[in-house]
Amino acid sequence: RLAVRMDTCSLVVVITVPKPVEGLLVVSANAFIHLDQGPAGMGVASHFDIALEGSEHVFLAPDQILFTLRNGDMYLVELQQEGRSLSAFKIEKVGTGKQTSCKCSLGHGYFFVGSRYADTMLIKYSTKDQVKHEKK
């Protein structure tokens with residue numbers, strides 16, 4: 001049993017994580033906490049003074065989530081596993097864009113970004129592994 005004491009005002013969103021990682025990702029104002037059916041959850045404070053309030057997210061892969069913050073900064077959060085358990089979060093700033101109001105994954109390397117303040121965009125992306133594979 002995992003007990004997590006959290007001020008409800010700091011809770012931003014709870015995200016269902018797809019297979020093979022599975023579980024729930026609790027996103028607070030400045031932290032991620034992964035909960036699964038195992039005996040222990042995984043938690044880590046966000047890096048680089050990331051403020052997650054008002055952020056939007058989209059899954060790029062079952063173990064990769066792209067977060068866009070209020071200021072337009074984009075962070076890729078990788079859910080790293082050891083065996084069947086989540087062992088760490090890898091957080092990397094991957095760009096800066098416009099402030100977004102919604103995101104939607106369209107699959108096959110595309111996602112849609114909507115904004116009330118700027119142009120909407122259809123973005124094509126590729127992972128580092130895909131780029132390495134294409135160069136061979």
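Is Asp73 buried or exposed? Asp73 counts as buried, because its relative accessibility is 13% and the cut-off for buried is under 20%. Please keep in mind as you look around that this is a predicted model. The briefing below starts from Asp73 and its salt bridge, then visits the aromatic pairs, a hairpin, an open sheet and a nonpolar surface patch.

**The salt bridge**

- The structure holds one salt bridge, and its partners are Lys93 and Asp73.
- The closest N and O atoms of Lys93 and Asp73 are 3.6 Å apart.
- This pair links distant parts of the chain, with Lys93 in strand β8 (residues 85-96) and Asp73 in strand β7 (residues 73-82), 20 residues apart.
- The two partners can be set side by side: Lys93 is partly exposed, with a relative accessible area of 43%, whereas Asp73 is buried at 13%.

**Aromatic pairs**

- The count of aromatic pairs comes to three.
- Phe32 and Phe67 make a tilted pair, with 5.3 Å from centre to centre and 50 degrees between the planes.
- Phe32 sits in strand β3 (residues 31-35) and Phe67 in strand β6 (residues 64-68), so their pairing ties together parts that are 35 residues apart in sequence.
- Phe32 counts as buried because its relative accessibility is 2%.
- Phe67 is likewise buried, at 2% relative accessibility.
- Phe111 and Tyr125 make a tilted pair too, at 5.8 Å centre to centre and with 45 degrees between the planes.
- Here the link runs from Phe111 in strand β10 to Tyr125 in the loop between β11 and α1 (128-135), and the two are 14 residues apart.
- Phe111 counts as buried at 3% relative accessibility.
- Tyr125, at 17%, also counts as buried, because the cut-off is under 20%.
- Phe32 and Phe67 come together with Phe89 in one aromatic cluster.

**The β5-β6 hairpin**

- Strand β6, home of Phe67, forms a hairpin with β5, and two residues lie between the strands.
- Strand β5 covers residues 56-61 and pairs with β6 in the antiparallel sense over five bridges.
- To find your way along this pairing, look for Glu56, which stands opposite Thr68 in β6.

**The open sheet β9-β10-β11**

- Three strands make up an open sheet in the order β9-β10-β11, and their pairing is antiparallel.
- The edge strands are β9 (102-107) and β11 (121-124), each of which pairs on one side only.
- From one strand to the next, the twist averages 25 degrees.
- Strand β10 (residues 110-114) is joined to β11 by four bridges, and the two strands run antiparallel.
- A handy residue to look for is Tyr110, whose bridge partner in β11 is Lys124.

**A nonpolar surface patch**

- Which residues make the nonpolar surface patch of about 370 Å²? They are Leu106, Tyr110, Phe112 and Leu122.
- Tyr110 therefore appears twice in this briefing, because it is both a member of the patch and the bridge partner of Lys124.
- Leu122 has its place in strand β11, an edge strand of the open sheet.
- Is Leu122 buried or exposed? Leu122 is exposed, because its relative accessible area is 55% and the cut-off for exposed is over 50%.

Conventions: Residues numbered from 1 in each chain as written. Predicted model: local features only at pLDDT ≥ 70, side-chain atom pairs only at ≥ 80, totals over all residues. Heavy atoms only, no water. Axes fitted to C-alpha atoms, helices over the stretch in contact; angles between N-to-C directions. Patch = residues over 30% accessible without salt bridge, like charges linked within 9 Å, V, L, I, M, F, W, Y side chains within 5 Å. Areas by Shrake-Rupley, 256 points an atom, 1.4 Å probe, with all protein chains shown as cover. Salt bridge = Lys/Arg side-chain N within 4 Å of Asp/Glu carboxyl O. Buried < 20%, exposed > 50% of the residue type's maximum accessible area, 1.4 Å probe, protein only. Phe/Tyr/Trp six-rings, centres within 6.5 Å; stacked < 30°, edge-to-face > 60°.
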